[in-house]
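Open your viewer and get ready to click along. Each stop tells you what to select and what you will find there.

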Amino acid sequence: MRLIRKISQLKNMAYFQPDKNWEIKTKYELLSEIASQNRLMQAQKLDYSQKIDLLFSTFLSKFSPSLSKALAGFLIIVMGSGLSLAAQASTPGEMLWPIKRSMEKVELSLTLGSVRETEVHIKHIGKRLEEINKILDKDNNQETGTQAKEKAIKQAVRHLEKDVTAADSSLKIAKEESNPVAVVELVKKVTEATKEVSSVLSAQVKDNINEDKTIGEALVSAKEVNEVVQKSAVNVAIEVHEEVLEAANKKNIESSTSTDGLDTNDTLSNNLSYQSSTASFINSVKDNPEVDVVELETVTNLVKEIMADEISDTSSEISDVQQKVEDVDQNELQNLETLDIEDIDNVKDSPADDQILADAKSLLEEGFLRDAFNTIYQVKEKYQRADVVLEKIRQAILDHGTVEPEVIDELNYQDSAPESSPVSASMIVPDSKETESIKEEFNSPKVD
Amino acid sequence: MNSLKSSLQEKIAFLKLKSGDSDAFAFFYDKYVARIYRFVLIKVSSKQIAEDLTQEIFLKVWQHLVDKKDIKSFQSFIFRVAYNSVIDHYRQNDRQELPLDYINENEDLVSDDALTLDDKIDSTALLEKIRELKSEYQEVLLLRYIESLSIDEIAEITQKEKNNVRVLIHRALSKLKEIISNNK
C-alpha cells in the first residue's frame, strides 16, 4: 500500500538521524560508565547451553560463503581422492606438500571448539615429526642434496613451531571454554605431544649436529619453542587446579556460613587449609554436598600425574646433560673452568639437584602443586640452559677444533638475546682487558 | 547470505555481551543507536530529550543484561526498554510536543536528496497525522513500518498478544487513512 510505503519512508528523513558528535561522545561516556560499574566483575560465565550456542554460532559463521571457503570445500572433495593419499605422504619441499598443509587447514576450520582444535594441532605436530624424521632418514640421503635437505628441514621446523604454538593458544582458549577435567586431560595430551617432540628433536640433533650446522640449529630452536609451550601447558593445568580449589573453597564457605553462621572459626581454618594443602582441604570438604568433590579429586589426580611425568622428565634431562658435560669435560673444560662458566658449574652439583627433585616429589604428594611446579621448573630450566651452552660448545669444537676463550665470548655474545636465560647472557661478556689476561694465562696449556 | 553471517555475528556478540564483554556492547551500540534515537525522537519530538533518553536506554540495557540471563534477542530487548522508557517519560512529563513548524525550519529536511519536494511535504504532513493517533497506534506503526520489526517482536516489546498487535496495526492504518482523507 502506498500508505505503508510512505510511512516507512519517514525513517529516511535526515531529521531523524542522530548528531554524529553526540553519538560518539555518548558511546564513550557509556563505555566508561560500564567499566566503572562493579557489575562487570560480577558477570558470570556463560552457562552450558549458552556455551553450546556460542560454539554453534561460531561454527556456522565459519561457513558463511567466501572464496576461501569455496576453496576449502573443493579441498574437502579432493580429500577423498587418491591425490590426497599421496599428499599425506609428502614432506616439505615436495610438490604435494602445500596440498597436505591446506588439507590440514581445512581440518582445522571444521573443528568445533578449542578442545577438538587442540587435538587436531597435536595431530599435526605428529605429522611434522614424521616429516622431520623422513627428511633426515639416512636412507633418503642419496636422493636429496644438502641444500634441499636444509631447506626442507627449515620449513618443517617452522611449521612445527607454528603448530606447537597454535596448540598452546587453543589450549588456553579451551581453558576458558571447557570444564576443568576436560582441560586437564587436554593438557596431558599436549604434554605428551611436546615430550615426543622433544625426544625426536633431541635424537635428530644428536645424529645431525656433526654433519650439518644449519639443520642442527633449526632443530635446537624448535626444541626451545617446544619447551616454552610445554611449560605453558603444565602451567595451565596448575591454574585450572587452583581455580577448582578456589571455587570449591568458596562453595564450602558459602554453604557453611549459611547453615551455621556461628562457626566462623571453622570456615577460617578451612580457608587457610585450602591454600596450604590440597589433601587436607579435600578431606575437610568431603562431606559437603555443595562441593563437587569428584571434580576436585579428578583434576587433582590428573595434574599430579602430569607433574610426576615432569619430574621423571627432568631427572632424565639431568642425566643427559651430565653425560654431555662429561663428554666435553675430557677435552676442553680445563680451559673453561677458570672462566667460570656458571651454568656448567651449576650442573656439576647434581646431588643437590636430585635432592631438590625429591623435595618436589614430596610437595607433589602433599598436594602443594604450584610449589612443586615452581621447584621442578627451576631445576629444569637450569639444565635446559646448560644444555644450550653445551650444544654451542660442541658446535664450536667441531668448527674450530678447540675452544678458545674468544670463541666462548662470541658464543655468549650471540647468546645474549633476551629470550635466552639471563644467566648465560651475563655469563661472560668480558671487556678486552680481561680477555688479554685470560689469553696470557692460557697460552701455555692448549689442547689440540 | 550476508544476513545469515551478520545475524550469526550478532548472536555471537550477544552471548559475549551477556558475559560482560564491553566490546560487544560497543558493537551493539553502533548497530542500534540510530534506530533507538529515531524511535524515541518520533515519539518525543525534542532532540535533546531523545538524546538523553537514548543514553539512558543503552545504560539500562547493559544493567538488565548482566542481571538477567534469559533474554533471547537483543533487538526485541532493546526496543522493549526503549518502548517502556518512552512511556515512562510521558507519564512523568505530560505530552509536550514541539509544534511541527520546528521540523519545517530544520535545514536537514530540505537537504534530503532521497525525497522529492512533494515527498517531503507529504512526510511532514504524514508525521503530523500520525501524531494525531492515539499512542498505542503510533507505537505499533512506528515499530512495524519504520523499524521493520516482526509481529512477534512487537508482541514481545509491547507485551501484547500477537493477534492483538495485528489488530492494532490494522486499526491504526484505517484510522490514519481516515484522518488523512478527512483533512483533504
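Before the first selection, one cut-off is useful: a residue is buried under 20% relative accessible area, exposed over 50%, and partly exposed in between. Please keep in mind that this is a predicted model.

**Stop 1: a residue in chain B**

Select Asp152(B), which sits in helix 9 of chain B, residues 151-158. Is Asp152(B) buried, partly exposed or exposed? Its relative accessibility is 46%, so Asp152(B) counts as partly exposed. Now add Lys162(B) to the selection and draw a distance between the two C-alpha atoms: they are ten residues apart along the chain, with a separation of 6.3 Å.

**Stop 2: the whole of chain B**

Zoom out and show chain B as a cartoon. How many helices and strands are there in chain B? You should find ten helices and zero strands. Following the sequence from one element to the next, the pattern reads α-α-α-α-α-α-α-α-α-α. If you colour by accessibility, buried residues make up 50% of the 184 residues in chain B. Among contacts in chain B with a separation of 6 or more, 64% are between residues 24 or more positions apart.

**Stop 3: an arginine in chain A**

Move to chain A and select Arg101(A), part of helix 7, residues 97-109. Why does Arg101(A) count as buried? Its relative accessibility is 12%, and the cut-off for buried is under 20%, so Arg101(A) falls in that class.

Show side chains here. Which side chains make polar contacts with the side chain of Arg101(A)? One is that of Glu104(A), at 3.0 Å, and another is that of His159(A), at 2.9 Å. Leaving aside residues up to four places away in sequence, Arg101(A) touches Arg128(A), His159(A), Lys162(A) and Asp163(A).

**Stop 4: two helices side by side**

Stay in chain A and select helix 9, residues 146-177, together with helix 10, residues 180-208. Their axes come within 10 Å and cross at roughly 165°. Angles over 145 degrees count as roughly antiparallel, so helix 9 and helix 10 of chain A are roughly antiparallel to each other. The crossing of helix 9 of chain A past helix 10 of chain A is left-handed.

To see the contact itself, pick Leu160(A), Leu171(A), Ala174(A) and Lys175(A) on helix 9 of chain A. From helix 10 of chain A, add Val183(A), Leu186(A), Val187(A), Val190(A), Val197(A) and Leu201(A). Coloured by class, this contact shows nine nonpolar residues, no polar ones and one charged residue.

Conventions: Residues numbered from 1 in each chain as written. Chains lettered and ligands numbered in written order. Predicted model: local features only at pLDDT ≥ 70, side-chain atom pairs only at ≥ 80, totals over all residues. Heavy atoms only, no water. Helix = DSSP H or I, 4+ residues; strand = E, 2+ residues; numbered from the N terminus. Buried < 20%, exposed > 50% of the residue type's maximum accessible area, 1.4 Å probe, protein only. Polar contact = N/O pair within 3.5 Å; in protein donor to acceptor, adjacent residues only side chain to side chain. Contact = heavy atoms within 4.5 Å. Axes fitted to C-alpha atoms, helices over the stretch in contact; angles between N-to-C directions. Parallel < 35°, antiparallel > 145°, perpendicular 65-115°, else oblique. Left-handed = near helix turned anticlockwise from the far one by under 90°. Nonpolar A, V, L, I, M, F, W, Y, C, P; charged D, E, K, R; others polar.
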